[in-house]
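Me: I've got a structure open and want to talk it through. Can you keep the answers short?

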Amino acid sequence: MSQRDDRRIDDLRMNELMRRRLTRRSVLKGAGIGVAGFSLASFLAACGGGDGGGTGGGGGTGGDGAFDIAEIYAGEPGSTVNFANWPFYLDQAKDENGDVYNPSLARFEEQSGISVNYQDVINSNEEFFGRLRPLFEAGDDPGWDIIVITNGRILTALVANDWVYPLDPSRRPNFDANAAPWARDPFFDPQNTNGMAWQSGITGIGYNPSMVNGEIATLQDLADPAKVGQSSVGMLTYDMPDFVMINLGIDPTTSGPDEWREAAAWLQMQKDAGVVRGYYGNEYLDELRAGNLSAAMGWSGDVIYGSIWLGFENQFVFPEDGALLWVDSMLIPAGAQNPVGAMAVMDYYYDPEAATMVAEWVQYMSPVPATQELMLRDADQAEEDGDKGLANKLRASAESPYLYPDEAFLSRTSFGRPLTTDEEVEEWDSIFLPISQG
């Protein structure tokens, strides 16, 4: 049985953690400007004279193929793997002294003899990239052996600039045996050349049933004052262009400036209707829970965790016309000191037992389908142990289509538009940022 149940963090502490947590999908408000003081449009400038270089996150392996996999992965693993991830994106429990630790990592360290320095230091794809970029440009040690990055413009820049190592396909037997179909050969990383999915999720709608008038089920509901009220809707700055295109019947992955302007026109209409309270990054969650928002674009795991595990009233819905799919991938940055150890950790998390420990805690889509049956097994064990509440929560998680989607579910999702050149980034931002920042 996974260790979340018998040594889990008490409810009061968990509520406090959830109240101040930074979601894995956090982005800076005003996504056009990175904290390092440079425009996101410049992130791709190093990809080859502003033409985007390789196709990278937009559908190709990127870079110039200069890496020698045999050389990178020669020898034995080092003694320590430095692993950078997002806050609250790994299982936690308390030890006998009341200290919080990560059970799945402890299990790996015991099995492998490799120590893992795990730090939840990624609060934004852009911010983290901004910190690493000078190290990459100087050819210095990035300080990390594993980083977790979302598909999109930052992953594009990393791959196209040869700032991540290609993976050694001979070192991922658990992945080959257990990875979900959606985690294999994603369009933004063909043949998993550079990454392996950590978790995935969708951008849909979260809402408070007591604050809306009728069912919230469509994009149009988020622009209807009669349903959601005035100044009461939250929109996600980074995700909203793709989300709106999907729900207007546009395929974001093949869209161009005309379709972007169509989505922007809808967003302007919504803004003019007076229903929007604000444009958010991760802070939407606090606003929704505090009752300041009647409805909001939201990320599946955040809202579902609150409703199943913490008993919040908010509900999560898959819009009738589709939802945005995203994947956070484990990557090995160029210059990493322990790539062999990094691949050992990455493949370990495709062991079903380890993956279950993560899935039960984070409530996002696990890239290992076998975790569903193991979660039900843990529910049965919890009930045998007399913890019916835990058993019910585990079963609700295991039965959620947001954690374990079928093909019909996934067919109604789409990835966002890959932006692979400076020109695309600049035009995209010129169309959408005035809405959220104006």
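Me: Before we start, what counts as a helix or a strand here?
Reply: Both are DSSP runs, numbered from the N terminus. A helix needs at least four residues and a strand at least two. Bear in mind that this is a predicted model.

Me: Fine. Which strand is Leu-331 found in?
Reply: Strand S11, which covers residues 323-331.

Me: Is Leu-331 buried or exposed?
Reply: Buried. Its relative accessible area is 1%, and the cut-off for buried is under 20%.

Me: What is Leu-331 in contact with, leaving aside neighbours within four places in sequence?
Reply: The list includes Asp-145, Ile-146, Ile-147 and Ile-149. Leu-155, Leu-158 and Val-164 are also among the contacts. So are Asn-194, Gly-195 and Met-346.

Me: And how far apart are Leu-331 and Trp-144?
Reply: In sequence, 187 residues. In space, 10.0 Å from C-alpha to C-alpha.

Me: Zoom out for a second. How many helices and strands does the protein chain have?
Reply: It has 17 helices and 12 strands. The chain has 438 residues, and buried residues make up 59% of them.

Me: What about contacts between residues at least 6 apart in sequence?
Reply: Of those, 79% join residues at least 24 apart.

Me: Switching to charges. How many salt bridges are there?
Reply: The structure holds 13. One of them joins the side chains of Asp-351 and Arg-107, at 3.2 Å from N to O. Asp-351 lies in the loop between helix H12 (339-348) and helix H13 (352-362), and Arg-107 lies in helix H3 (residues 103-112), so the pair ties together parts that are 244 residues apart in sequence.

Me: Why would side chains like that pair at all?
Reply: Side chains of opposite charge can pair when their charged atoms come close.

Me: How accessible is Arg-107?
Reply: Arg-107 counts as partly exposed, at 21% relative accessibility.

Me: What does Arg-395 pair with?
Reply: Its side chain meets that of Asp-380 in a salt bridge, 2.9 Å from N to O. Arg-395 is in helix H15 (residues 388-398) and Asp-380 is in helix H14 (residues 371-384), so this bridge ties together parts that are 15 residues apart in sequence. Asp-380 is partly exposed, at 40% relative accessibility.

Me: And Glu-424 with Arg-417, buried or exposed?
Reply: Both are buried. They form a salt bridge, and the closest N and O atoms are 3.0 Å apart.

Me: Which residues are linked in a network of salt bridges?
Reply: Asp-258, Arg-261 and Glu-427.

Me: Asp-258 is in H9, on which side?
Reply: On the exposed side, where Asp-258 and Asp-272 are exposed. Across from them, Trp-260, Ala-263, Ala-264, Trp-266, Leu-267 and Gln-270 are buried. Those buried residues cover an arc of only 155° around the axis, which puts them on the same side of H9.

Me: What covers the buried residues of H9?
Reply: The cover includes strand S7 (233-236) and helix H8 (240-247). It also includes strand S8 (276-280) and helix H17 (422-437).

Me: What span should H9 have, at 1.5 Å a residue?
Reply: Helix H9 (residues 257-272) has 16 residues and should span 22 Å. Its end C-alpha atoms are 22 Å apart, so the two agree. Just after H9, Gly-274 takes a positive phi of about 85°.

Me: Now rings. How many aromatic pairs are there?
Reply: The count is 24. One of them is Phe-83 with Tyr-118, edge-to-face, 5.1 Å centre to centre with 80° between the planes. Phe-83 sits in strand S1 (residues 80-84) and Tyr-118 in strand S4 (residues 115-119), 35 residues apart. Both rings belong to buried residues.

Me: Which cluster do ring pairs link Phe-83 into?
Reply: Its other members are Tyr-89, Phe-108, Tyr-118, Trp-198, Trp-326, Tyr-348, Tyr-349 and Tyr-364.

Me: Last one. Where does the charged end of Arg-184 sit?
Reply: Over the ring of Phe-175, 5.8 Å from its centre.

Terms used. Residues numbered from 1 in each chain as written. Predicted model: local features only at pLDDT ≥ 70, side-chain atom pairs only at ≥ 80, totals over all residues. Heavy atoms only, no water. Buried < 20%, exposed > 50% of the residue type's maximum accessible area, 1.4 Å probe, protein only. Contact = heavy atoms within 4.5 Å. Salt bridge = Lys/Arg side-chain N within 4 Å of Asp/Glu carboxyl O. Phe/Tyr/Trp six-rings, centres within 6.5 Å; stacked < 30°, edge-to-face > 60°. Lys NZ or Arg CZ within 6 Å of the ring centre and 35° of its normal. Expected span 1.5 Å × (residues − 1). Arc of directions from axis to C-beta.
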